[in-house]
Structure formats: structure tokens, C-alpha cells
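Visitor: Please take one part of this structure and go through it closely. I would like to see how its pieces are connected.

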2 protein chains.
Amino acid sequence: MTANNATPPAPPVPSDAVGEGLKAAFRFHPAGVAIITATTDRGPSGLTASSVSSVAIDPAAIMFSVTRATGSAGAILDADSFIVHLIDGEHAELAQNFAVSGAERFTEAQGWTMRETGEPYLPAARVALRCQTLHTVTVGSSVVVIAQVLEVIEGTRGEPVVYLDRAFHSVATA
Amino acid sequence: MTANNATPPAPPVPSDAVGEGLKAAFRFHPAGVAIITATTDRGPSGLTASSVSSVAIDPAAIMFSVTRATGSAGAILDADSFIVHLIDGEHAELAQNFAVSGAERFTEAQGWTMRETGEPYLPAARVALRCQTLHTVTVGSSVVVIAQVLEVIEGTRGEPVVYLDRAFHSVATA
């Protein structure tokens, strides 16, 4: 353990305060909403994500993060392919169902069907991106997923919706 | 770090159509806005990003993606630390300046100062996250950056703003 001028300064150890501050910071950062679905041998799974963004066009790729603790995240990570539905306001309530446990999911009445490639699919969603994982990076109890987009399936455009301050809001597009 | 099942099916080669479809899909996906700044030996640099999201609380971490082609992205990737400013509506015009080349940047009149740690800093931004890169993943001509948040610096909350359909919009928070 000799002094070494080449060694960069160690980053400050993050305190709980930084984590709490980060949570508060993103509470007021608006985000679009997605419902991500997959089928594994345990059946259909889904989760709501507000972290989806596009990464590249060639290869066509997106990214999002999930919390490893939930079964739905495990299913997405295990699946050969999954569908990322980018949603508008008419599906905000549905997104809410996928953000809590015990709510009704994947019913025909909600408009769910099955894609011929096996994933739960919501044809009425604005757009559905069928994806395959390219890279995963584990960060604490979360996993960043970078996925190749295999197929872009157009649905029906509605009114844009954002998640902000723990609720869904419309966007002033006038 | 690549997810890899035993015998994954070869992904279909992405056609230009998938890339174009992806671009169109995210055009109508609303996103919060950030201005990311750093100082390198070439001076201060900055870029506007609509892909910033939080990843984890412990370690406190965020992610975003940049296009490698631009000098500003290179500066962020090269810097020892950088600041991610999560902005509100009053800084939308400033964000626009950082999204095009040739516009005025980092003037005192715009409210820029220098953090004691060396990064260009906008105290009036809603919140500033001083960060250090943890991981980068190259995807085509883009780079996904996963960064540890070292410090959360509170600013002033304004009216939320989202980027959607190539313009800035306010959020209906009534």
C-alpha cells in the first residue's frame, strides 16, 4: 500500500442522502410510459417502465432499467424476446395495473392478444417494439437492459401521457 | 455482460425500415430534458439529452445515451466527472442551444457558473447531479453511459417540460 501518484482519487462513498436526493430529483422529471411484456414457461409477465429510451438506429436499439427484485423483471430478463409497448393516455390505467401487484392483467377485455411470436401483445398501444436483449448491466439491485428492436408494430396514436410526481398527466400539445 | 442463452436464435438482420420505424416511434414518446456539462482540457462542453433516467439508489446511479459523432459527447465521455442538470420549462430555450451547433453557450447572462469541482454549473436548474461514469456500452454509433451520482444539488423548481414531436411542451399538472 504505497502512495501512488497515478491512482485517481476514490469517488466519495455514496451516502443514503444521495440516494434519497436522487429519488426526489426524478420524482419531478417527467417521463413517457411503456408496458413491457414477455412469455416464459411460467406464463405471461409484464411490467410498467418509465425509463425506456431509444439508443441507436443501426442496430435499432433501445434501453430501460428494471428492479431485479420483481418476478416480472426476471421474466423479461429470461425471455428470448419481449414487447415494449409505448403507450398513450388511454392506456395509463392499464399501465397502473402493471405497476402494482394483484391487479387484473392480460385480460381479453383489456385488449390483450398473443403475438404469433409468443409475446403478450396490445394491438391498440401506440406502437409495439418486439425486442431481444443485446446487453445487460447490473447496477446495485437494478439491471440496465439494452435491447435490439427486431420489429416495429404500429398501433393507434392517442393523447400523449407522462408519469410525473407519482401520477399520469397529459401533455399540452396546443 | 451479454445476455446469452444456450442456443439463442440468430436475430433478424435489422433493416433500415426498423431503424426508421424506431425513430418515428420515439418521436411521439414524451421525455424529460437534461443538459449535461463537463470540462476537459478543450474547455467546457455540453449537450442536451432526453434519455436520462434513474437506475438505482444504492449505488445512486443514472443512465443516458449519446451519439459518439459529436465533440460534446466525446468530452462527457472523457471527463472525470460531469453534471446532469434536470431542467424545467424556463430552461427549454437553453436546452435548445445545446442541441444545435453555433448557438451561444455557457454565458454568464444565461446563468452559468463553474462548480468548485470544475464542471460548468447552472444553479437555477431544478436539480444538478454531479456524476462519474461507471460503465459505458457502445451500440452502433451511440454509447450508453451508466453513471454514479456523487452529489445531488438542489436548484429551483419550475414548470415541468417535455420534449415531444421535436418541440418542448408543458405538462398539464392541474
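Guide: What follows is a walk through one sheet of chain A and a charged pair beside one of its loops. The model is predicted. In chain A, seven strands make up an open sheet with antiparallel pairing, in the order 2-1-5-8-9-4-3. Its edges are strand 2 (43-49) and strand 3 (53-57), each of which pairs on one side only. On average, neighbouring strands of this sheet are turned by 35 degrees against each other, direction ignored.

Take the end with strand 2 of chain A. Five of the seven residues in strand 2 are buried, so this strand is mostly covered, where buried means under 20% relative accessible area. Strand 1 (residues 34-40) of chain A runs antiparallel to strand 2, and seven bridges join them. Within this pairing, A:Ile36 stands opposite A:Leu47. The two strands form a hairpin, with two residues between them.

The loop between strand 1 and strand 2 holds A:Arg42. A:Arg42 forms a salt bridge with A:Asp78, and their closest N and O atoms are 3.1 Å apart. A:Asp78 lies in helix 2 (residues 71-78) of chain A, 36 residues away from A:Arg42, so the pair links distant parts of the chain. A:Arg42 counts as exposed because its relative accessibility is 57%, while A:Asp78, at 47%, counts as partly exposed. Side chains of opposite charge can pair when their charged atoms come close.

Elsewhere in the sheet, strand 4 (residues 60-67) and strand 9 (residues 142-154) of chain A pair in the antiparallel sense over seven bridges. There, A:Ile62 stands opposite A:Ala147 of strand 9.

Notes. Residues are numbered from 1 along each chain as its sequence is written. Chains are lettered from A and ligands numbered from 1 in the order in which they are written. This is a predicted model: local features need pLDDT of at least 70, side-chain atom pairs count only at pLDDT 80 or more; totals for chains, interfaces and linings use all residues. Side-chain values use heavy atoms; hydrogens and water are left out. Two strands pair if DSSP finds at least two bridges between them. Helices (H or I, at least four residues) and strands (E, at least two) are DSSP runs, numbered from the N terminus. Axes are lines fitted to C-alpha atoms, for helices over the stretch in contact, and angles run from 0 to 180 degrees between N-to-C directions. Buried means under 20% relative accessible area, exposed over 50%, partly exposed in between (1.4 Å probe, protein chains only). A salt bridge is a side-chain nitrogen of Lys or Arg within 4 Å of a carboxyl oxygen of Asp or Glu.
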